[in-house]
Amino acid sequence: MMHPRRFARVRPTGRNSDVVKLIFDPKVPVIDCKVIDYSPGGACLEIWGQTKLPNRFELLYSGTKKRCRVVWSAGRRLGLAF
């Protein structure tokens, strides 16, 4: 028996940018990341370079700012929960 998904996944399209901005503190520069997967409950991001991230920060995507936390990390990819 298949169960329906609780949330619809939204993949970035050409209309929206697939780049998000991570905001930690007004004194710290903003970091750009690539969106791999985005849903109402969280997102999967790919970061560039050797960046040390805190567990909680704000995410700016398509004009919407959300407070989020890191729930998993694998190499250059991060899983976030909103």
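Reader: Which residues does L22 touch, leaving out those up to four places away in sequence?

Author: This is a predicted model, so take the contacts as computed from it. L22 is one of the residues with the most contacts inside the largest nonpolar core. Not counting residues up to four places away, L22 touches V30, I31, C33, L45, L53, F57, E58 and L59.

Reader: OK, and which strand gives the largest share of that core?

Author: The largest nonpolar core has 16 residues, and V20, L22, C33, L45 and L59 have the most contacts inside it. β1 (19-23), β2 (31-39), β3 (42-47), β4 (56-61) and β6 (77-81) each bring in at least two of its residues. The largest share, 4 residues, comes from β2.

Reader: What pattern do the strands and helices follow along the sequence?

Author: The protein chain has 0 helices, so by the DSSP runs there is no helix to place in the pattern. What's left is 6 strands. Read along the sequence, that gives β-β-β-β-β-β.

Reader: How do the residues lining the largest pocket divide into nonpolar, polar and charged?

Author: The largest pocket holds about 170 Å³ of space. Its lining is I47, G49, Q50, T51, L53, P54, N55, V70, S73, G75, R76 and L78. L53 is also on the list of residues that L22 touches. Arg counts as charged and Gly as polar, and the lining divides into 5 nonpolar, 6 polar and 1 charged.

Reader: Something about S62 caught my eye. Is S62 buried, partly exposed or exposed?

Author: S62 lies in the loop between β4 and β5 (64-74). Phi of S62 is near 55°, a positive value in a residue other than glycine. Most residues other than glycine have a negative phi. Buried means under 20% relative accessible area and exposed means over 50%; at 46%, S62 is therefore partly exposed.

Reader: How far apart in space are D18 and V35, C-alpha to C-alpha?

Author: D18 is found in the segment before β1. With a relative accessible area of 34%, D18 counts as partly exposed. D18 and V35 are 17 residues apart in sequence, and the C-alpha to C-alpha distance is 5.3 Å.

Reader: Last one: what share of the exposed area do carbon and sulfur atoms supply?

Author: Of the 82 residues of the protein chain, 29% count as buried. The protein chain exposes about 6100 Å². Carbon and sulfur atoms supply a share of that area equal to 52%.

Notes:
Residues numbered from 1 in each chain as written. Predicted model: local features only at pLDDT ≥ 70, side-chain atom pairs only at ≥ 80, totals over all residues. Heavy atoms only, no water. 1 Å grid on protein atoms, 1.4 Å probe; cavity = no way out; pocket = protein on both sides within 12 Å on 5 of 7 lines; lining within 4 Å. Points joined across faces, edges and corners; volume = space filled by probe spheres on them. Buried < 20%, exposed > 50% of the residue type's maximum accessible area, 1.4 Å probe, protein only. Areas by Shrake-Rupley, 256 points an atom, 1.4 Å probe, with all protein chains shown as cover. Core = buried A, V, L, I, M, F, W, Y, C linked by side-chain atoms within 4.5 Å. Contact = heavy atoms within 4.5 Å.
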